[in-house]
Amino acid sequence: MRPFLHIEAGARTDLGRVRKNNEDCYSIDPSLQLYVLSDGMGGEAHGEVASQLAVQTVLTHCRQAENSRATPIFGESSPDVCERTNRLASAIHLANRKVFETAASNAAQKGMGTTVVAAWIDSQRLSLAHVGDSRAYLLRAGSMDQLTADHSLVAEKVRVGILTPQEADASEMQSVLTRAVGTNGTVEVDTDEQALLVGDFLLLCSDGLTRMVTDPEIASVLLTSASAQESADRLVDLANENGGVDNISVIVLRVAEKSESVFERLKIWKRYSA
Amino acid sequence: MSRLVLKFEHAVMKEVPLGTRPVTIGRAPDNDIQIDNLAVSNYHARVYLEAGSLVVEDLNSLNGSFLNDIRIERAMLKDGDSILIGKHEILVDQLNDAVQPQESWRKAPVPRVNETMILDTQQRRMLLDAAVAAGERSQLSPDRLRVPTLIVISGRTDEKEYRIAGKLTVIGSSKLATVRLRGWLTPDVAAQINKHDDGYYLGRGDRVPKINGISISGLTKLNDGDVIEVGRVRLNFLYRE
């Protein structure tokens with residue numbers, strides 16, 4: 001009973017109703033099953049520069065690594081996670097260096113930075129890596145769990161028990177990040193792994209969604225949409241209806257069973273068992 | 001007079017004097033030292049005198065007996081040795097008989113409440129809760145390395161014991177699985193364990209696992225000594241030092 005997973009993706013980024021420019025950014029590589037989302041910061045148009053540079057760097061680095069195992073690893077590898085998860089973290093370390101060096105070489109861009117949340121799926125294993133307060137959620141069998149821990153001041157305070165989650169949601173300090181890509185020469189990247197199941201939903205999103213739409217609302221949209229793209233569109237619309245104070249970006253992944261002929265299955269089975 | 005001292009998380013729970021008769025250790029109630037824990041076999045080990053030497057012998061137990069952290073089948077004991085069975089420690093206290101009267105002469109006899117202690121369910125629960133709390137504290141201290149371990153109590157798996165390493169531990173028939181389930185129609189991913197900063201969490205897969213007999217409703221933190229049930233497989237989650 002080995003299901004072959006098919007990942008259906010939908011995504012959207014939106015200015016929101018208050019901001020003048022969209023500093024969010026996302027990119028998807030369907031052939032690699034690599035999904036990256038970022039939320040930039042820094043005045044003028046520099047947040048956009050940071051988020052786009054980070055997303056592009058992550059994609060390029062992972063593609064290179066797929067083609068050549070000799071691609072150097074940036075940052076420290078962890079024995080707790082697989083090679084692919086370490087590669088994803090390496091990509092964010094490289095993105096950090098690139099954003100930091102770009103900012104350092106241009107006085108006007110000093111201090112720009114970005115969040116990054118990235119998911120890479122290898123048959124059944126989901127690799128996750130993130131920095132900042134963009135999130136990954138897993139909706140499985142009706143219950144939704146946040147897979148990422150926000151690197152924000154309020155979230156860190158909740159974790160050590162100084163603030164309640166309710167106080168954190170009401171806090172004016174929500175935007176204070178404790179980690180970001182590109183603001184320092186080095187950065188600590190968090191990683192996680194999950195085994196995916198048919199019926200799972202994975203959501204990557206910027207805080208423009210999660211500050212406007214509650215977790216149960218998000219779950220009900222995911223469960224009642226006809227497609228991943230419809231979910232993504234409805235989530236963005238809902239965030240805008242609720243105020244849309246920030247840029248909103250979402251990537252929705254639906255895990256379905258791959259429909260294949262018995263012949264194809266046998267071929268794959270032979271490859272797996274070889 | 002020599003004795004064996006049973007300890008659980010540093011608390012003395014029972015003392016047994018060593019005589020000519022062997023002292024048996026196990027989960028069954030007719031043992032001299034009964035340890036009511038699923039990680040302990042019914043007749044797990046015994047300690048006896050042989051030609052003047054004290055000997056510990058493992059009785060082919062499932063999870064083994066450890067002497068000073070080394071798994072043994074049979075070994076000679078000396079004063080101060082520590083036998084580990086499941087989560088319980090048995091200390092060897094070989095007092096020199098000649099010294100004994102002098103000791104009791106110097107000190108007023110201290111009443112030992114532990115000597116007659118019987119472990120009823122409630123006491124055990126209290127001790128376990130205290131141990132869990134102590135365990136959580138000690139996990140935070142960096143000087144003690146505790147290895148999370150899954151011990152198979154029953155069911156068809158590829159190993160009898162698994163050390164958990166890494167962020168993701170899959171229980172199922174999948175290629176990703178650390179705990180590989182055997183048999184027909186076993187789910188690919190029956191359940192999974194994720195490592196978080198503050199400990200290990202059990203989550204559902206194609207099955208809803210139980211912890212200590214209760215079905216989980218979402219990611220649930222695992223405590224030292226928990227019994228996990230996934231389908232027909234039962235696993236004991238333990239932190240080993």
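What follows is a conversation between a trainee and a mentor about a predicted model with chains A and B.

Trainee: What makes Ile70(B), which lies in strand S8 of chain B, exposed?

Mentor: A residue is called exposed if 12 or fewer other C-beta atoms lie within 10 Å of its own. Ile70(B) has 9 other C-beta atoms within 10 Å, and therefore it is exposed. As for where it stands relative to Ile83(B), the two C-alpha atoms are separated by 9.2 Å, although the residues are 13 apart along the chain.

Trainee: Which strands of the sheet that holds S8 of chain B stand at its edges, and why?

Mentor: The sheet is an open one of six strands, in the order S2-S1-S11-S10-S7-S8 of chain B, and the pairing is antiparallel. Strand S2 (11-17) and strand S8 (70-72) of chain B each have a single partner strand, so one side of each is left without a neighbour in the sheet, and these two stand at the edges. From one strand to the next, the twist averages 30°.

Trainee: How do you know that S7 and S10 of chain B are paired?

Mentor: Two strands count as paired if at least two bridges are found between them. Strand S7 (residues 65-67) and strand S10 (residues 82-85) of chain B have three bridges in the antiparallel sense, so they pair. Across this pairing, Ser65(B) stands opposite Ile85(B) in S10(B).

Trainee: What joins S11 of chain B to S1 and to S10?

Mentor: Strand S1 (residues 3-8) of chain B pairs with S11(B) in the antiparallel sense over six bridges, and Val5(B) stands opposite Leu91(B) there. Four bridges join S10(B) to S11(B), again in an antiparallel arrangement, and the bridge partner of Ser82(B) in S11(B) is Leu91(B). S10(B) and S11(B) form a hairpin with two residues between them, and Gly86(B) in the turn has a positive phi of about 60°.

Trainee: Which side chains of strand S11 of chain B are buried, and where do they point?

Mentor: Along this strand, residues 88-93, the side chains alternate: His88(B), Ile90(B) and Val92(B) point to one face and are buried, whereas Glu89(B), Leu91(B) and Asp93(B) point to the other face and are not buried. For the first group, the word buried says that 20 or more other C-beta atoms lie within 10 Å of each residue's own. In chain B as a whole, 30% of the 241 residues count as buried.

Trainee: What makes up the sheet of five strands in chain A?

Mentor: It is an open sheet in the order S2-S3-S4-S5-S8 of chain A, with antiparallel pairing. Strand S2 (24-29) and strand S8 (190-195) of chain A are at the edges, each with a single partner strand, so that one side of each has no neighbour in the sheet. The twist here averages 10° from one strand to the next. Six bridges join strand S5 (residues 125-131) of chain A to S8(A), antiparallel to each other, and Arg125(A) has Ala195(A) as its bridge partner in S8(A).

Trainee: Which helices lie on that sheet of chain A?

Mentor: Helix H1 (residues 46-67) of chain A packs on the sheet, where it touches S2, strand S3 (34-41) and strand S4 (113-122) of chain A, and its direction makes about 160° with that of S3(A). Helix H2 (residues 83-104) of chain A lies across S4, S5 and S8 of chain A, and runs at about 160° to S4(A).

Trainee: Why are the buried residues of helix H3 of chain A said to be on the same side?

Mentor: In H3, residues 153-160 of chain A, the buried residues are Val154(A), Ala155(A) and Val158(A). They cover an arc of only 100° around the axis, which puts them on the same side of H3(A). These buried residues pack against helix H4 (165-170) of chain A, and H3(A) is followed by Gly161(A), whose phi is positive, near 90°.

Trainee: What does the contact between chain A and chain B take from each chain?

Mentor: The contact takes 17 residues from chain B and 17 residues from chain A. On the side of chain B that touches chain A, strand S14 (168-172) and strand S16 (191-196) of chain B each supply at least two residues. By class, this side of chain B has seven nonpolar, five polar and five charged residues.

Note on methods
Residues numbered from 1 in each chain as written. Chains lettered and ligands numbered in written order. Predicted model: local features only at pLDDT ≥ 70, side-chain atom pairs only at ≥ 80, totals over all residues. Axes fitted to C-alpha atoms, helices over the stretch in contact; angles between N-to-C directions. Contact = placed C-beta atoms within 7 Å. Nonpolar A, V, L, I, M, F, W, Y, C, P; charged D, E, K, R; others polar. Arc of directions from axis to C-beta.
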